[in-house]
Amino acid sequence: MRLEKIKFEGVRNLVNTEIIFDPAVNYLTGNNGAGKTSILEAIHFLAVGRSFRTNRDNEILKFNAPYLKISGLARDNNETYEAEIRLTEGIKTVFLQKQKQDKLSAYLGWLPVVTILLADIDLVSGPPDRRRNFIDLAIAKINKNYLKNLIEYRAVLLQRNKLLQEKAEIAHYEVWETELAKYGHEIIKERRIIVPILLASAQKFYAVFMQNRDISFEYKVNLDNYDIKISNEQEKFLELLKINRAKEQELGHTIIGPHRDDIIIKEKALAVRKFGSEGEQRLAALSLKLAESELLSQNNRRPIFLLDEVASELDSTNTQKLFELIQGQFFYATAKEFKNISNRNGKVFYVEKGQITKTEATW
Ligand SMILES: Nc1ncnc2c1ncn2[C@@H]1O[C@H](COP(=O)(O)OP(=O)(O)OP(=O)(O)O)[C@@H](O)[C@H]1O
Ligand SMILES: [Mg+2]
C-alpha cells in the first residue's frame, strides 16, 4: 500500500492541512517539539484508529479543539482506498470509500502499518508479555479469528484465576477449564504455524545486521515444558489444568498455557535479552518488526512504515542496511541531520511549530 494523501484537523500541535506524500520515501525533519511524531501519529490513527504513543484517544486531540478529523487516500496496485476517521466527544466515527462503517473492526487495518520506534528495544529487553503482544498483534493483522479467540481466552483466564483466588470448590472449575483449553488450543495451533515463519524471517534480518553471527530466534511453547503422555494438545492442556489446580490455588493464578509462551533470542548461545548490547537488542527488535512486515506482505497486506528516530541509535552501516531492508513506503521522522542517513530518494518535509514550512526532493 501507499499513502498518497492525508488531511487532518485537530491533531496535537499540528496546523490543519493536507499533505501529499512521496510513494516511496518521506523524511520529516525539524526541531524538537516541531510536530514530526504527531504527523506519524496522525497517519497511524487514520490507519488503525489509535495512537502508538498513548492508549487515551483524547491526548491526540489538539488542546481545546472540538473534534479530530483525519482523512486519507491510499493505493495498492490499481485499487484506490479512501478512509476517514473522526473523534468527537470521545466517540469515533469511521468511513471507508465514503461509506460509514458501523463496526470499528470493519475499518481497522484498512491500511496496514508497521511502526519502528526507539521504544521497540523493549520488545527484546522487556518482559515476555511484550513479545507475546507482538506475536499476537502480528497474527491478528492477518487473521481476524485469532483476535476473537484471544479475547475469549483472556476472559476465561480471568474467571479461572478468580476461582483460584477464592479457592473455589472443584465442581466450579470444569466449565471454565474446558473453555480455556478450547481457546488456548486454537491460539497455540495458530502460533505454531505463524510464529516459526515470523522468527525465521527475523533471524534472517538479524543475520544481515550482525553479519551471520551464530543467531537463533526460538518460539517457546509453555505447554511443551510439561511432559505428560497425551498427544492431543487440547486434552493435554485440560489435564494439566486439573493436575495443577492445587498448586495454582496457592499462587492465585494460572501458570500453564499460551499466556506463558515466549520468544528466546540468542547470539552465540547467549540470551540477547540479558547479554546483548543495547545496539544488538535494538537490531534484534528491528528484525522482529521487519519480519512482521514481511509476514504482512506475504499475506497480501503490504504495509507502510512509520519510523521515529530509530537510526539515531544505530551505526551508519546498520542504518544503511535498515533503509535497504524496508520494502515499502516509509515515513521517517528525525530531529537530527537526515542527509546521508539513507541513499533512498524521496521527499523531505521541514516541520516547524506544527506546520510544514518547506517540501523538497532529496538531493
Ligand atoms: N493534544 C495536544 N494539543 C496540542 N499540542 C500538543 C498536544 N499534545 C502534545 N502537544 C505538543 O505538540 C508538540 C509536538 O510534539 P511532537 O512529539 O510531534 O514533536 P516532535 O517534532 O516529534 O519532537 P521531538 O523531536 O522532540 O520528538 C509538542 O510541543 C507538544 O507539547
Ligand atoms: Mg518526536
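Begin by selecting Leu87, which stands opposite Lys92 in strand 6; strands here are DSSP runs of E of at least two residues, helices are runs of H or I of at least four, and both are numbered from the N terminus. The model is a predicted one, in which local features need pLDDT of at least 70 and side-chain atom pairs count only at pLDDT 80 or more, while totals for chains, interfaces and linings use all residues. Residues are numbered from 1 along each chain as its sequence is written, and chains are lettered from A and ligands numbered from 1 in the order in which they are written.

**The six-stranded sheet**

Extend the selection to residues 79-88 and 91-96, which are strand 5 and strand 6, running antiparallel and joined by six bridges; two strands count as paired if DSSP finds at least two bridges between them. In the loop between these two strands, pick Glu89, whose phi is positive at about 45° although Glu89 is not a glycine. Glu89 is exposed, because 8 other C-beta atoms lie within 10 Å; the scale calls a residue buried at 20 or more other C-beta atoms within 10 Å of its own, exposed at 12 or fewer, and partly exposed in between, with C-beta atoms placed from the backbone.

Next, select strand 4 together with strand 5, which pair in the antiparallel sense over ten bridges, and where Arg75 of the pairing stands opposite Thr80 in strand 5. The two strands form a hairpin with two residues between them, and Asn77 in the turn has a positive phi of about 50°.

Moving to strand 1, find seven bridges that join strand 1 to strand 4 in an antiparallel arrangement. Here Lys5 has Leu73 of strand 4 as its bridge partner, and Lys7 stands opposite Ser71 in strand 4. Lys7 also stands opposite Glu18 in strand 2, and strand 2 runs antiparallel to strand 1, joined to it by four bridges.

Now show the whole assembly: six strands form an open sheet in the order 2-1-4-5-6-7, with antiparallel pairing. Its edge strands are strand 2 (17-20) and strand 7 (99-101), each of which pairs on one side only. Neighbouring strands of this sheet are turned by 20° against each other on average, direction ignored; axes are lines fitted to C-alpha atoms, for helices over the stretch in contact, and angles run from 0 to 180 degrees between N-to-C directions. Add helix 1 (residues 36-48), which packs on the sheet and touches strand 1 (2-9), strand 4 (67-76) and strand 5, its direction making about 105° with that of strand 1; contact requires C-beta atoms, placed from the backbone, within 7 Å.

**Asn64 and ligand 1**

In the loop between helix 1 and strand 4, select Asn64, a residue other than glycine with a positive phi, near 70°. Asn64 is exposed, because 6 other C-beta atoms lie within 10 Å.

Then centre the view on ligand 1, which 16 residues surround, the closest being Asn13, Asn32, Lys36, Thr37 and Ser38; a residue belongs to this shell if its C-beta atom, placed from the backbone, lies within 6 Å of the ligand. Helix 1 gives the most to the shell, with three residues. By class, the shell has five nonpolar, seven polar and four charged residues, where Ala, Val, Leu, Ile, Met, Phe, Trp, Tyr, Cys and Pro count as nonpolar, Asp, Glu, Lys and Arg as charged, and the others, Gly among them, as polar.

**Helix 6 and its partners**

Select helix 4 (residues 128-142) and helix 6 (residues 173-209), which pack at an angle of about 100° with their axes 11 Å apart. Helix 4 and helix 6 are therefore roughly perpendicular to each other, a term that covers 65 to 115 degrees, with angles under 35 counted as roughly parallel, over 145 as roughly antiparallel and the rest as oblique. To see the contact, display Ile135, Ala138 and Ile139 of helix 4 with Glu190, Arg191, Ile194, Val195 and Leu198 of helix 6; these residues divide into six nonpolar, no polar and two charged.

Further along, pick Lys204 in helix 6, which is partly exposed, because 16 other C-beta atoms lie within 10 Å. Lys204 and Lys7 are 197 residues apart in sequence and 37 Å apart in space, C-alpha to C-alpha.

Finally, select the open sheet of three strands, ordered 9-10-11 with antiparallel pairing, whose edge strands are strand 9 (215-220) and strand 11 (270-271). Helix 6 packs on this sheet, touching strand 9 and strand 10, and its direction makes about 160° with that of strand 9.

Note on methods: Contact = placed C-beta atoms within 7 Å.
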